[in-house]
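This briefing covers the helices of one structure, how they pack, and a few individual residues. Please look at the sequence and the model before reading on.

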Amino acid sequence: PQAILVESFLSYLGLGVQEPHTSLGALVDAGVNQMEGASWMLLIPATVLASILMCFNFLGDGLRDFFDARRAT
């Protein structure tokens, strides 16, 4: 999740993936510029980014708990 967040942040700043490729950070940046007329252009990429980060965090926590050798049985 941290790598995805860093890449999205750099793309939001314009330092990440360049055209013709895209990333969630670039989509959020485009949505910020269109917020008054088309707020869905900001809300959808931001929601997808947050969902992906939460899913990876929950997956990592679950795997850590499953493979933890110190857990009580």
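The axes of H1 and H3 come within 9 Å of each other and cross at roughly 160°. The two helices are therefore roughly antiparallel, a term for angles over 145 degrees, where under 35 counts as roughly parallel, 65 to 115 as roughly perpendicular and the rest as oblique. Axes here are lines fitted to C-alpha atoms, for helices over the stretch in contact, and angles run from 0 to 180 degrees between N-to-C directions. The model is predicted: local features need pLDDT of at least 70, side-chain atom pairs count only at pLDDT 80 or more, and totals for chains, interfaces and linings use all residues. Residues are numbered from 1 along each chain as its sequence is written, and side-chain values use heavy atoms, with hydrogens and water left out.

**Helices**

- Helices (H or I, at least four residues) and strands (E, at least two) are DSSP runs, numbered from the N terminus.
- H1 covers residues 2–13, which is twelve residues, and its first and last C-alpha atoms are 17 Å apart, close to the 16 Å expected at 1.5 Å a residue.
- The expected span is 1.5 Å times one less than the number of residues in the helix.
- H3 has 28 residues and should span 40 Å at 1.5 Å a residue, which agrees with the 40 Å between its end C-alpha atoms.

**H1 against H3**

- Ile4, Leu5 and Ser8 of H1 meet Leu49, Ile52, Leu53 and Phe56 of H3, where contact means heavy atoms within 4.5 Å.
- Isoleucine 4 lies in H1 and touches Leu49, Ile52, Leu53 and Phe56, leaving aside residues up to four places away in sequence.
- Isoleucine 4 and leucine 53 are 49 residues apart in sequence, yet their C-alpha atoms are 7.6 Å apart in space.
- Isoleucine 4 is partly exposed, at 27% relative accessible area; buried means under 20%, exposed over 50%, and partly exposed in between (1.4 Å probe, protein chains only).

**H2 against H3**

- H2 (residues 24–33) and H3 (residues 40–67) pack at an angle of about 150°, with axes 7 Å apart.
- That angle makes H2 roughly antiparallel to H3.
- On the H2 side, the contact is made by Leu24, Leu27, Val28, Ala30, Gly31 and Val32; on the H3 side, by Met41, Leu42, Pro45, Ala46, Val48, Leu49 and Ile52.
- The crossing of H2 and H3 is left-handed, meaning that the near helix is turned anticlockwise from the far one by less than a right angle, while clockwise would be right-handed.
- Leu42, Pro45, Leu49 and Leu53 of H3 are buried, and what covers the buried residues of H3 includes H1 and H2.
- Leucine 43, also in H3, is exposed, with a relative accessible area of 52%.
- The C-alpha atoms of leucine 43 and valine 28 are 8.1 Å apart, with their positions 15 residues apart along the chain.

**H1 against H2**

- The axes of H1 and H2 come within 6 Å and cross at roughly 40°.
- At that angle, H1 is oblique to H2.
- H1 passes H2 in a right-handed crossing.
- Ser8, Ser11 and Tyr12 of H1 meet Leu24, Gly25, Ala26, Val28, Asp29 and Val32 of H2.
- Serine 8, in H1, is buried at 5% relative accessible area.
- Leaving aside residues up to four places away in sequence, serine 8 touches Leu24, Gly25 and Leu49.

**After H1**

- Glycine 14, just after H1, takes a positive phi of about 95°.
- Proline 20 is in the loop between H1 and H2, and the peptide bond leading to it from glutamate 19 is cis, with omega near 5°.

**Aromatic rings**

- A pair of aromatic rings is described by the distance of the centres and the angle of the planes.
- Rings of Phe, Tyr and Trp (its six-membered ring) pair if their centres lie within 6.5 Å; planes under 30 degrees apart count as stacked, over 60 as edge-to-face and the rest as tilted.
- By this rule there is one aromatic pair.
- The rings of phenylalanine 66 and phenylalanine 67 have centres 4.8 Å apart and planes at 85°, so the pair is edge-to-face.
- Phenylalanine 66 is exposed, at 53% relative accessibility, and phenylalanine 67 is exposed, at 62%.
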